[in-house]
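Dear colleague,

Please find below the structure that I am handing over to you. I should be grateful if you would read the notes beneath it with the coordinates open.

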Amino acid sequence: MADHTLAHDAKPLGAQISHMLKERGVDVIFGIPGVHNQEMYRGIEEAGIQHVLARHEQGAGFMADGYARATGKPGVAYVITGPGLCNVMTPMGQAYSDSVPMLVISSCLDEVAARRGQLHQMKDQQTAAATVCDWSEVAVGADAAYGLVDRAFAEFTGARPRSKHIQVPIAQLEGLANPAPAKLTPVTPAGYRAADVAQLVSMLGDAQKPLFVFGGGAAHASEAARQVVAACGAASMSTYAGRGIIAGDASLNFGSCLARGDSANVVGQADLVIAIGTELAEVDLWRPHLGHTGDLVRIDLDPEVLSDPQRASHPMQAEAGAFLTALAAALPQDAGQTEWRADVVAATRARWRSETDAERPGIVPVCDALREVTPPDTMIYSDMTQFAYVAKEVWDMDRPGHWHHPYGFGTLGYATPAAIGGAVARQGKPTMAIIGDYGFHYTMQELGVAVELGLSVPIILWDNGKLGEIEDSMVRAQIAPNAVVARNPDFVKLAEAFGARAVAPADLSQMQDAVTEAFAAEGPTLIYLTPAILG
């Protein structure tokens, strides 16, 4: 039915959008209302959607990101014109770089070319948003709004998921519109080519030292991945986002070691390298080249990845799960003997662990103690902090998709609000945040949301009293460290002022007790740690 022919169940478009999102499976929206987007709030409660009121649009965006990573469903944020959109652009950029399905819907001014000085006016809001997301479009009318929402949801499931932005003029949000059309049949990603699977089976049959490199794009295919490496006796490595795809204690698993410079030498020993669901980006390798000397097979959904500077000898466009499942079924089950040695893998991992400990002294024992008391199903959200940089190398995960970090865009302040979004999604399941003192400043106000919602989230705050990683980088570059120390508040008192529990353990045993209590508490607990905890 056309927009101009109104049915008996017509409502303002802002309300209809919420009803449409509910029909598409959206149960939670994160955001902040304002005079420009208030029509989007008209239908939220009526549609049966929970709204989480953030304290800042950046927090709302990170909450949507954390929710999406926890569920695999799109995280949705509602923001206002102008500053609201600008504030959520950092989370949009993070979601874009880390392949997170996030949909941001904002209001926009009806006309900006002939009028200046309007409230929240930007020169070009649509283009600004487009710089940090997959696409940014303006919906002029109900049909356009509905079509763009369905396009976003189709691309979330049928292609590489990335953040999208839809903006709707205020007058359109206020105008009556018919309900959205019926939900579309979900789009599934392209599977794989049988010829590619057969070719890889043949290559693996000829290989003496095959090596798999797993990225976050294969996190949903852990069972098949484990079957594959076992069937062909391959060694494995993972990106940080791919941790847990292969069991951490698997005898031929080198772990999340790609950032170790020496890992290039290990890769160079393989006569066949298969990289699945990974960009092999700078933030994965911290060097220009993976290190392979033999054939490199790249399996990825995104053709851009397949044409990157690693120059794969055999690029194969496929959905990782479908490909790995087919590969596991096609491999002979008695082909598991290769030239990789478990004792050499173990010795290499031990050496890399020692290197990590030497580079950032004192953190490894804290990571080990924390891991001992972290429940197996805990979903962890970390920030740009030295504690996380160490943990990502030495903390093996027993399952994939349970440690989330702002990998590509690399923003500070991610962990606290993202963990809130994850905890909203995972009611009754353990969720934890790990953040540094400086990053906590960025989004500390979102602690009020966790208190308001009664979320049992331990927030591990690592306070080294400075921008420690930047100071170390300056020293390495022979720059006299400056502007790396800021006066911190009393974080314990600050958390208590928000209504949260807070504790400053004096040693590792007290820390473990505090973490155990925090998971069982009603509401969030700030667990304040400094390097002095080691005595």
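The notes that follow concern a sheet, the nonpolar cores, one alanine and the enclosed space. Please bear in mind throughout that this is a predicted model.

I begin with the sheet. Six strands form an open sheet in the order β3-β2-β4-β5-β7-β6, and their pairing is parallel. Its edges are β3, covering 50–53, and β6, covering 135–138, each of which pairs on one side only. On average, neighbouring strands of this sheet are turned by 25° against each other, with direction ignored.

At the β6 edge, the partner strand is β7 (residues 164–169); the two run parallel and are joined by four bridges. Within this pair, V138 stands opposite Q167 in β7. Helix α6, made up of residues 142–158, lies across β5 (102–108), β6 and β7, and runs at about 165° to β6.

Turning to the nonpolar cores, the largest has 52 residues, of which F30, L85, M92, V104, F440 and I459 touch the most other members. A second core lies apart from it and has 33 residues, including I274, I276, F323 and L331. As a general point, nonpolar side chains in soluble globular proteins tend to be buried together.

I459 merits a look of its own. Beyond its neighbours within four places in sequence, I459 is in contact with T416, A433, I435, F440, L447, T525, L526 and I527. One of these contacts, F440, is also listed with I459 among the residues that touch the most other members of the largest core.

The alanine mentioned above is A320, which is found in helix α13 (residues 320–330). Is A320 buried or exposed? A320 counts as buried because its relative accessible area is 7%, whereas the cut-off for burial is under 20%. Leaving aside neighbours within four places in sequence, its contacts are G217, A218, H220 and I276. I276 is also a member of the core of 33 residues. A320 and G216 are 104 residues apart in sequence, while their C-alpha atoms are 10.0 Å apart in space.

Finally, the enclosed space. The count comes to one cavity of 30 Å³ or more, and the largest cavity has a volume of about 100 Å³. It is lined by 13 residues, and those closest to its centre are S238, R243, G244, I246 and N253.

With kind regards

Notes:
Residues numbered from 1 in each chain as written. Predicted model: local features only at pLDDT ≥ 70, side-chain atom pairs only at ≥ 80, totals over all residues. Heavy atoms only, no water. Core = buried A, V, L, I, M, F, W, Y, C linked by side-chain atoms within 4.5 Å. Buried < 20%, exposed > 50% of the residue type's maximum accessible area, 1.4 Å probe, protein only. Contact = heavy atoms within 4.5 Å. Pairing = 2+ DSSP bridges. Axes fitted to C-alpha atoms, helices over the stretch in contact; angles between N-to-C directions. 1 Å grid on protein atoms, 1.4 Å probe; cavity = no way out; pocket = protein on both sides within 12 Å on 5 of 7 lines; lining within 4 Å. Points joined across faces, edges and corners; volume = space filled by probe spheres on them.
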